[in-house]
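Here are my notes after going through the model, as you asked. Keep the viewer open while you read.

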Amino acid sequence: MNIAHAGAERPRGGHRLATAAGVATLVARRLRLDPVPALAMAVLVVSACFVFASLPRLFNSFSDDGLRHAISKAPVAERNPSLLEPGRIAAGPASDPLAGVERRAARSQHAVLPAPLDDLVLGHSFVVRSPTYAGVLHDGIAPFLTLRVPARGFGRNVRVVSGRLPRPSGARVRTVSRVVPDRPLAATVPQLEVALSTTTAHELQMHVGQEGIFTAGFSEVQSKYVPLRDQRPIAAKVVGIFDVPDPKAAFWFGDPTVDSPNLETTPDGSITYVYAQAIVSPAAYPALLDATRPFRLGYEYRYLLDEARIDGARLPAVRDAATMLDARYAGAGPLDRRVKLGLGPVLDRFRTARSQAETLLAVAVIGLLACALACLGLLGALAYDRRRTETTLSRVRGASPLQTLGAQAAEAALIAVPAGLVGWGLAVLLVDARGSSLSAWLAAVLVAGTIVLLVASLSGVARRPLGSPAPAEVAPEGPRRRRLAIEALIAVAALLGVYLLRRRGLGSSGFGATGFDPYLAAVPLLLGLACGIVALRLYPLPLQALARLARRGRGLALHLGLSRAARQPDTTSLPVLVLVLALALATFSAAMASTIRAGQNATGIRAVGADMRIDAPDGKTLPEALVRRLGSLGDVAQAFAQDTDIAIGSEGLLLALDAPAYQAVVAGTPAAVPLRATVGKQSPIPTLVSALVSADWPLGGSFQLPLPNQTVSFLRVGDRTTFPGIQRGTPFVVVSLQALRKAGGQAPVNRLYVRGADAGAVRTAVRELAPGASIGTKAAIARGLRASPLVDGALRGFRWAVVVAALFAAVALALLVLIAARSRAWDLSLVRTMGGGSRDTFVVSLVELAPLVVLGVVLGFAVGVAIPYLIEPGLDLAFYTGSATSAISIPWGTLLALAAALVVVLLAAVLLVGLRARRTDLGRVLRVGER
């Protein structure tokens, strides 16, 4: 039995060796005799793998830059954690009294912050605050003072106006506490030197050299835990007044109270409560401990995160850490340890914006990947066309189907695998960005797809029984049942996907999902395929009818060209599908880029109120000479704007417009508003001025507002939620400038709206005639929106998608010409043998190719225009445009340029085909068997 088994194994082993040897022989012979297809395939695989392996890395690059930009633009107190801890930390040695606080800040960092945040801490600082003490009511001012030991670097961030910065004094004063009525308690307390900001000193009405006694316990929660007899007052002496040059600097950690105290006014306005911060020298920390005992001080430890080290890979962990901190300290009271960090909402907004960009770009990438694979498959089919005879001879001479397909697979692997590795390696080396496993996966998909497609291109002839004739290159061929089933499945999947897109957009479903649904992202691809398949099934019908009509004519060229166009086999028609997909993706990408840019411009013009706006400095007007100069440059509308008090603690804006001129300035723009029926309409009561007010305007139907020289009465005749040029949330009233002046109101021009003028000329005129006036432009607003690397990267991604899709369209057009080149050349030569001239050869080529190209261009553009409208319910471009709603914008100029370029390529191809046909040896055409 063993001998029989061994004998049975040897033939199978020999068969495998023979198969492998035959495969190697076929591969070597093909690469040696016909290297052009292999070289072309290798170049295409390298290029495709490089492009698609680079895309995830490029997305990571501008996504990480966008994340850092979003964090850097957030207020410093939101993007950095701070720990607030009450207590009393003993003073250190005289050389460094705050050494204990420094050690506590370092220990708390590791104990409180989760590891993802702790790892990002670049440095820390701290601030020490006393409880709030109340001063004596005087001149309607109720002062409240909090002593503060500032963070290191205080002296570099302020400018001393008068006096000096505080120092330890060692002085003590005798005070009397009247916390308990009728039982004053005398105490000797340290006198602390303090410094106040100019604004604080003004509000407290204090000056350098002034001393004050402030009593404890009036507003402090912790005072109820301290016996009244121990609640001693504090003595403060103002030794310096300082100014804060940049209150928004990172040093202040978003706390404006050092520069500007908090003010509260009683309803009758008789008393103003001033909550101020006074600066104490760090060296006076021991005296501060002595003066405030036994109250607990407030220690705020501030931790600065290294924004440069935050990227998309760290984003989930950092967001989870921020959520953990929020949950841990959500119930902390005013005397409990608590951590403040507002980074969570910033990261959530960015993740939503990144997910939207990822989703939209994925639609283009999936489609482009399909185009790349289709082009590789078509190139394989073209290579098979070149070696059809050689493959048939190999089968006749004994090559089995396994050997034939194995040789094709080996050849495809020898071409695709090294080329894919080269393309992926170039992407890794040349694209300096955070790596992504998706790069390797996309390159692997391209390599595997290339091998499968190249094997599939030869599977028909390899499995055909010997002696069966080769199919004609141009022959009517009915669709098989399997193919019809696949096409029907594609159509059903496309229709179902369109329905789901309309229902819930492109995003993934489920709680906390921020990515995209691959199936829904592929719906545009499926829609393009379905439309292309239907069109390819139907388009021969009208061409056949035209061919029958052309048959009645005397010329041969028109009839032959229409007949060839109507009888193209599926392999020859496949480039049309690639053309449809490529043009649909180019149109979609161009439309999304145009929509984002148009949305940014619309946001800019709504924010400014026109293309440009000039505002006079506070209390000044704009000269008439400037109005005339700008009027000579473009359209100008004059206006008067004034902040006005409309209620206690509430302000609004009065805007008087030259309504007809303003409507001309904003006509046809997103800032256009109808004013004729409201502002331009005469008031039914002659003594009142018609007014268009905001929806939240607090006054009644008729109201009065003070102007510089008198009070004018207004009548509410309409309302709007927003108005161009007025910040959302600001109550406003818009009136006619002429009506306001007619009612006696003094309304000098202090605002101009400009349209159609050169920005440089406007700035020059303003600089010469109205120095100090501010200029706002919609272009500046749009540039500010594009300043985010994520926004700019998404725009660049769409622009590059247009370029790549256009290249695939050109490749598809070239393959459309080349796939049936041999059959076309034969027929054109026959036309010449029948007496046809050069013109006839051009007509045949043009009539054959033009219907397919026109079909692909029209259908591709139609699908590309439809896709943005299909996914519009799921679009949220607010991060990119600055507006919650953005109208779809189709760049028709770009589409016309792309169509014109394809027409030029088509005409060039027809010309080359005609010239090649003219050089064909007619003697060979009539020889049997040459076709």
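1. Start with the second largest cavity, which has a volume of about 40 Å³. Keep in mind that this is a predicted model. The cavity count comes to two, taking those of 30 Å³ or more. Lining the second largest one are Leu-145, Val-194, Leu-196, Leu-204, Met-206, Phe-214, Ala-236 and Val-238. Two elements, β6 (185-197) and β8 (234-243), give two or more residues each to that lining. As for character, the lining splits into eight nonpolar residues, no polar and no charged.

2. Gln-205 is worth a click while you are in that part of the chain. Its place is the loop between α6 (198-204) and β7 (211-214). Gln-205 isn't a glycine, yet it has a positive phi of about 55°. Most residues other than glycine have a negative phi. With 42% relative accessibility, Gln-205 counts as partly exposed.

3. Asp-139 is another non-glycine with a positive phi, here about 50°. You'll find Asp-139 in the loop between β2 and β3 (141-149). Is Asp-139 buried or exposed? It counts as exposed, because its relative accessibility is 67% and the cut-off for exposed is over 50%.

4. Now for the second largest pocket, with a volume of about 1,100 Å³. It is lined by 41 residues, and those nearest its centre are Val-51, Ser-54, Leu-55, Pro-56 and Val-365. Which helix supplies the largest share of the lining? That is α2, with 14 residues. The elements that each bring at least two residues are α2 (35-73), α9 (343-386), α12 (437-463) and α24 (789-819). By type, the lining residues of this pocket come out as 28 nonpolar, nine polar and four charged.

5. Have a look at strand β11 (residues 297-305) too. Seven of its nine residues are buried, so the strand is largely enclosed by the rest of the structure. β11 runs antiparallel to β1 (residues 82-87), and six bridges join the two. One pair to find on screen is Ser-82 with its bridge partner Arg-302 in β11. β11 is also antiparallel to β2 (residues 121-134), with eight bridges between them. There, Gly-123 has Leu-304 of β11 as its bridge partner.

6. Just ahead of that strand, check the backbone. The peptide bond from Arg-293 to Pro-294 is cis, with omega near 10°. Most peptide bonds are trans. Pro-294 sits in the loop between α7 and β11.

7. Asp-290 belongs to helix α7 (residues 285-292). Why does Asp-290 count as buried? Its relative accessibility is 19%, and buried means under 20%, so I'd call that a borderline pass on the numbers. Which residues does Asp-290 contact, leaving aside neighbours within four places in sequence? They are Arg-88, Arg-172, Pro-190 and Arg-232.

8. Last, the overall tallies. The chain has 29 helices and 21 strands. Of its 931 residues, 49% count as buried. Among contacts in the chain with a separation of 6 or more, 81% are between residues 24 or more positions apart. The accessible surface comes to about 43,400 Å², and carbon and sulfur atoms make up 60% of that.

Definitions and conventions: Residues are numbered from 1 along each chain as its sequence is written. This is a predicted model: local features need pLDDT of at least 70, side-chain atom pairs count only at pLDDT 80 or more; totals for chains, interfaces and linings use all residues. Side-chain values use heavy atoms; hydrogens and water are left out. Helices (H or I, at least four residues) and strands (E, at least two) are DSSP runs, numbered from the N terminus. Buried means under 20% relative accessible area, exposed over 50%, partly exposed in between (1.4 Å probe, protein chains only). Contact means heavy atoms within 4.5 Å. On a 1 Å grid over the protein atoms alone, a cavity is a set of points where a 1.4 Å probe fits but cannot get out, and a pocket is an open set with protein on both sides within 12 Å along at least five of seven lines; lining residues have an atom within 4 Å of a point. Grid points are joined across faces, edges and corners, and a volume is the space filled by probe spheres set on the points. Ala, Val, Leu, Ile, Met, Phe, Trp, Tyr, Cys and Pro count as nonpolar, Asp, Glu, Lys and Arg as charged, and the others, Gly among them, as polar. Two strands pair if DSSP finds at least two bridges between them. Accessible areas come from the Shrake-Rupley method with a 1.4 Å probe; for residues, only the protein chains shown count as cover.
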